[in-house]
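Colleague: Got a minute to walk me through this model? I'd like to go over a helix, the core and a pocket.

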Amino acid sequence: MKRYYVYVIELDLAVVDIKKFRAKNPNYIIGNSCVYVGQSTRKPEIRFEQHKEGYKSNTYAKWYGLKLRPDLYEKYNPIPSRKDAETIEEMLGRELRRCGLGVWFN
């Protein structure tokens, strides 16, 4: 049975200088963390390396990704279905955004 994982990558704060990123985060509180939230069948550590290597990579995760933030996602994993993983990815992204973080998710 396939398992899915959500993961959170901390991004360099320089990502805030990108207009498209800022537009998605109108309530971002300056100085708070910026993160990328994703989901995959790969374990978070493997998926982070893939982003950094450019394999099926999100631009922000590839160029601005610093490290994984297991404190923000571990409690959700593993997830039994892609549908659940996508739901949790969006829920987590919106929740972190509500807390004033800069967040990107698909």
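**Helix, core and pocket**

Modeller: Sure, helix first: in α2 (44-53), the buried residues are P44, R47, F48, Q50 and H51. Buried means under 20% relative accessible area, exposed over 50%, and partly exposed in between, with a 1.4 Å probe and protein chains only. Helices (H or I, at least four residues) and strands (E, at least two) are DSSP runs, numbered from the N terminus.

Colleague: Where do those buried residues of α2 fall, seen down the axis?

Modeller: They fall within an arc of 160°, so they line one face of the helix. The arc is that of the directions from the helix axis to the C-beta atoms.

Colleague: Before we go on, what's the basis for all this?

Modeller: It's a predicted model, where local features need pLDDT of at least 70 and side-chain atom pairs count only at pLDDT 80 or more, while totals for chains, interfaces and linings use all residues. Residues are numbered from 1 along each chain as its sequence is written, and side-chain values use heavy atoms, with hydrogens and water left out.

Colleague: OK. What do the buried residues of α2 pack against?

Modeller: They pack against β1, β2, α3 and β3 (65-68).

Colleague: Q50 or E53, let's compare. Is Q50 buried or exposed?

Modeller: Q50 has 12% relative accessibility, so it counts as buried. Contact means heavy atoms within 4.5 Å, and leaving aside neighbours within four places in sequence, Q50 is in contact with R42, Y55 and S57. Its C-alpha lies 8.6 Å from that of K62, 12 residues apart along the chain.

Colleague: And E53, buried or exposed?

Modeller: E53 is exposed, with a relative accessible area of 61%, and it also sits in helix α2. From E53 to W63, C-alpha to C-alpha, is 9.9 Å, at 10 residues apart in sequence.

Colleague: What follows α2?

Modeller: G54, whose phi is positive, near 95°. In the loop between α2 and α3 there's also K56, which is not a glycine but has a positive phi of about 45°. K56 is exposed, with a relative accessible area of 63%.

Colleague: Switching to the core. Which residues touch the most other members of the largest nonpolar core?

Modeller: I9, L11, V37 and L96, out of 29 residues. A nonpolar core here is a set of buried Ala, Val, Leu, Ile, Met, Phe, Trp, Tyr and Cys residues joined through side-chain atoms within 4.5 Å. β1 (5-11), β2 (34-40), α3 (59-64), α4 (82-98) and β4 (102-104) each supply at least two residues, and the largest share, five residues, comes from β1.

Colleague: What is I9 in contact with, neighbours within four places in sequence aside?

Modeller: C34, V35, Y36, F48, H51, A61, G65, L66, K67 and L68.

Colleague: Now the pocket. What volume does the largest pocket have?

Modeller: About 240 Å³. On a 1 Å grid over the protein atoms alone, a pocket is an open set of points where a 1.4 Å probe fits, with protein on both sides within 12 Å along at least five of seven lines; lining residues have an atom within 4 Å of a point. The volume is the space filled by probe spheres set on the points, which are joined across faces, edges and corners.

Colleague: Which lining residues are the closest to its centre?

Modeller: Q39, S40, T41, R47 and K56, of the 14 residues that line the largest pocket. The largest share of that lining, four residues, comes from β2.

Colleague: Last one: which peptide bond is cis?

Modeller: The one from N77 to P78, with omega near -10°. P78 is in the loop between β3 and α4.
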